[in-house]
Amino acid sequence: NTRISRVKGAITAIQDFPKPGVLFRDIFPLFKDPAVLSDAVSLMVEHIKDKIGSVDVIVGLEARGFLFGPMMSVQLGCSFVPIRKKGKLPGKCVQASYLLEYGTDIMEAQAEAIKPGQKVVIVDDLIATGGTMSAAVELISKMEGRVVECLVLIELLDLKGVAKLKHPFFSVLQF
Ligand code: 5GP
């Protein structure tokens, strides 16, 4: 698929970021070229249309899930809801905690943002260990949303993050 190779070709690898020993996949070069960005978004949107059909909510994960989620929700004609780190969203929130390398962190969504039974697709730029995505699944399940797909642009295969997920998963491209 030429669109996948164009998108993959635009992603760069940065050695030792954010710390020594880590090879960071940088998605921002994608955003320099509107044609390649459009490829990335349409590959994700087409996947949802083909596999799921209609959805109620796209949930985007802070921060790079916010770059793709709203563009997708506009094309799919559904809501966009952000999940953020604790303390950033106003009003009553629902929380889920997740494991970091050292200690834990908490993520939140606004309490009324997802209604029981709504079909939810969770979107992020990348899955590594799967900790972020599985915490998001837990949070949406607390709100009684139905997670119909966990979708990322990039999957880091070595880290086997998908093994943490019990819900349907798809990645557009893999390293
Ligand atoms: P996980 O929780 O699966 O270990 O890490 C995934 C989260 O960390 C995602 O929200 C993603 O944005 C960020 N992340 C981890 N490694 C990378 C990377 O190499 N590139 C990018 N763009 N994001 C990363």
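Trainee: Where in the chain is Pro18?

Mentor: Pro18 sits in the loop between β1 (12-15) and β2. Keep in mind as we go that this is a predicted model.

Trainee: What is omega for the peptide bond from Phe17 to Pro18, and what is that bond called?

Mentor: Omega is near -5° there, and the bond from Phe17 to Pro18 is cis. Most peptide bonds are trans. Another cis bond runs from Glu62 to Ala63, again with omega near -5°. Ala63 belongs to the loop between β3 (57-61) and α3.

Trainee: Is Ala63 buried or exposed, or something in between?

Mentor: Its relative accessible area is 45%. Buried would need a value under 20% and exposed a value over 50%, so Ala63 counts as partly exposed. In space, the C-alpha of Ala63 is 7.7 Å from that of Arg84, with their positions 21 residues apart in sequence.

Trainee: Back to the loop between β1 and β2. What is special about phi of Asp16?

Mentor: Phi of Asp16 is near 65°, which is positive although the residue is not glycine. Most residues other than glycine have a negative phi. Asp16 lies in that loop between β1 and β2. At 42% relative accessible area, Asp16 falls in the partly exposed class.

Trainee: Which value does phi take in Lys160, and where is that residue?

Mentor: Phi of Lys160 is near 50°, again positive in a residue other than glycine. The residue is in the loop between β8 (146-155) and β9 (169-174).

Trainee: Why is Lys160 given its accessibility class?

Mentor: The relative accessible area of Lys160 is 61%. Exposed means over 50%, so Lys160 is exposed.

Trainee: Let's turn to the rings. How many aromatic pairs are there?

Mentor: The structure has four aromatic pairs. Phe17 and Phe24 make one of them, with ring centres 5.0 Å apart and planes at 80°.

Trainee: Why is the pair of Phe17 and Phe24 called edge-to-face?

Mentor: Rings pair if their centres lie within 6.5 Å, and planes over 60 degrees apart count as edge-to-face. With 5.0 Å and 80°, Phe17 and Phe24 satisfy both, so the label is edge-to-face. As for the surroundings, Phe17 has a relative accessible area of 43%, so it is partly exposed.

Trainee: What makes the pair of Phe31 and Phe68 tilted?

Mentor: Their centres are 5.5 Å apart and the angle between their planes is 55°. Stacked needs an angle under 30 degrees and edge-to-face one over 60, so a value in between is tilted. The two residues come from distant parts of the chain: Phe31 is in the loop between β2 (23-26) and α2 (34-51), and Phe68 is in helix α3 (residues 65-76), 37 residues apart.

Trainee: How do you know which class Phe68 and Phe31 fall into, buried or exposed or partly exposed?

Mentor: Phe68 has a relative accessible area of 0%, so it is buried. Phe31 is at 26%, so it counts as partly exposed. Phe28 joins these two residues in one aromatic cluster.

Trainee: Why does Ile52 get its class?

Mentor: Ile52 has 17% relative accessibility, and the limit for buried is under 20%, so Ile52 counts as buried. It is found in the loop between α2 and β3. Leaving out residues up to four places away in sequence, Ile52 touches His47, Lys119, Val148 and Glu149.

Trainee: And the whole chain: which elements build it?

Mentor: It has four helices and nine strands, in the order α-β-β-α-β-α-β-β-β-β-α-β-β.

Trainee: How do you know how compact the chain is?

Mentor: The radius of gyration is 16 Å, close to the 16 Å from the globule rule for 175 residues, so the chain is as compact as a globular protein of that length. Along its principal axes, the C-alpha trace spans about 40 × 40 × 30 Å.

Trainee: What share of the residues is buried, and how much surface is accessible?

Mentor: Of the 175 residues, 46% count as buried. The accessible surface is about 8,900 Å², and carbon and sulfur atoms hold 55% of it.

Notes
Residues numbered from 1 in each chain as written. Predicted model: local features only at pLDDT ≥ 70, side-chain atom pairs only at ≥ 80, totals over all residues. Heavy atoms only, no water. Rg over C-alpha atoms; globule rule 2.2 N^0.38 Å. Buried < 20%, exposed > 50% of the residue type's maximum accessible area, 1.4 Å probe, protein only. Areas by Shrake-Rupley, 256 points an atom, 1.4 Å probe, with all protein chains shown as cover. Phe/Tyr/Trp six-rings, centres within 6.5 Å; stacked < 30°, edge-to-face > 60°. Contact = heavy atoms within 4.5 Å.
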